[in-house]
Amino acid sequence: MEPRLGFWIDARGERLNWGTRQEVVYCIDGLNSQEVRQKIYAALGGLVCELAILPDRPQELKVIYDPARVSPGFLDYLLQQKGVSFRRQGG
C-alpha cells in the first residue's frame, strides 16, 4: 500500500480580479420557482460576478459579468441549454 499525500491551498484573503463589469437584465418566466432558479444558477453561477433578482420587479434577473470572460450571447446560449424561457433587455 502506497502512502497517501494530501495538500491544501489556502486562498483566504485572495480576491478575484474581475476586471471591467457589465450588466444585462433578463425577464424570466417563472423566476419565483425554485426549479427555474436552480437551472439559472447551474447555467451561470460559476461564470458571472453576481446574479440578483430585482426586488421591485420580481420577474427580472440582473446579471453582472466580466466581458473578457463571457458575452451576453454566450449567457443566452447557456440559459437556452438549461431550458430557461427568457427575454434579454440589455447588454
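**View A. Phe74 and Tyr77, an aromatic pair within helix α2.** At 35% relative accessibility, Phe74 counts as partly exposed in this structure, which is a predicted model. Its partner Tyr77 has a relative accessibility of 41% and is likewise classed as partly exposed. The rings of Phe74 and Tyr77 form a stacked aromatic pair, with 6.1 Å from centre to centre and 25° between the planes. Because Phe74 and Tyr77 stand three residues apart in helix α2 (residues 72–81), about one helical turn separates them. An α-helix has 3.6 residues a turn, so residues three or four places apart point the same way.

**View B. Tyr26 and Phe86, an aromatic pair between two strands.** The structure holds two aromatic pairs, and the one shown here, formed by Tyr26 and Phe86, is edge-to-face, with 5.3 Å centre to centre and 90° between the planes. This pair links distant parts of the chain, since Tyr26 belongs to strand β1 (residues 22–28) and Phe86 to strand β4 (residues 86–88), 60 residues apart. With 0% relative accessibility Tyr26 counts as buried, whereas Phe86, at 22%, counts as partly exposed.

**View C. The surroundings of Tyr26.** When neighbours within four places in sequence are left aside, Tyr26 is in contact with Gln59, Glu60, Leu61, Val63, Pro72, Leu75, Asp76, Leu79, Phe86, Arg87 and Arg88. One of these residues, Asp76, is found in helix α2 and is buried, its relative accessible area being 12%. Not counting residues up to four places away in sequence, Asp76 touches Tyr26, Phe86 and Arg88, and thus has contacts with both members of the edge-to-face pair of Tyr26 and Phe86.

**View D. The two sides of helix α2.** Which residues of α2 are buried? They are Pro72, Leu75, Asp76, Leu78 and Leu79, and because they cover an arc of only 165° around the axis, they lie on the same side of α2. On the other side of the helix, Gln80 and Gln81 are exposed. The buried residues of α2 pack against β1, α1 (34–44), β3 (60–65) and β4. After α2 comes Gly83, a residue whose phi is positive, near 80°.

**View E. The largest nonpolar core.** This core has 17 residues, and those with the most contacts inside it are Tyr26, Ile28, Ile40, Leu44, Val63, Leu75 and Leu79. Each of β1, α1, β3 and α2 supplies at least two residues of the core, and the largest share, four residues, comes from α1. In soluble globular proteins, nonpolar side chains tend to be buried together. Tyr26 therefore appears in this view as a buried residue, at 0% relative accessibility, that is among those with the most contacts inside the core, as well as being a member of the pair with Phe86.

**View F. Cys27 and Cys49.** How many disulfides does the structure hold? The count is zero, and the two cysteines shown here are described by their accessibility. Cys27 is buried, with a relative accessible area of 15%, while Cys49, at 23% relative accessibility, counts as partly exposed. The cut-off between the two classes is 20%, so Cys27 and Cys49 fall on opposite sides of it.

Conventions:
Residues numbered from 1 in each chain as written. Predicted model: local features only at pLDDT ≥ 70, side-chain atom pairs only at ≥ 80, totals over all residues. Heavy atoms only, no water. Phe/Tyr/Trp six-rings, centres within 6.5 Å; stacked < 30°, edge-to-face > 60°. Buried < 20%, exposed > 50% of the residue type's maximum accessible area, 1.4 Å probe, protein only. Disulfide = S-S within 2.5 Å. Contact = heavy atoms within 4.5 Å. Arc of directions from axis to C-beta. Core = buried A, V, L, I, M, F, W, Y, C linked by side-chain atoms within 4.5 Å.
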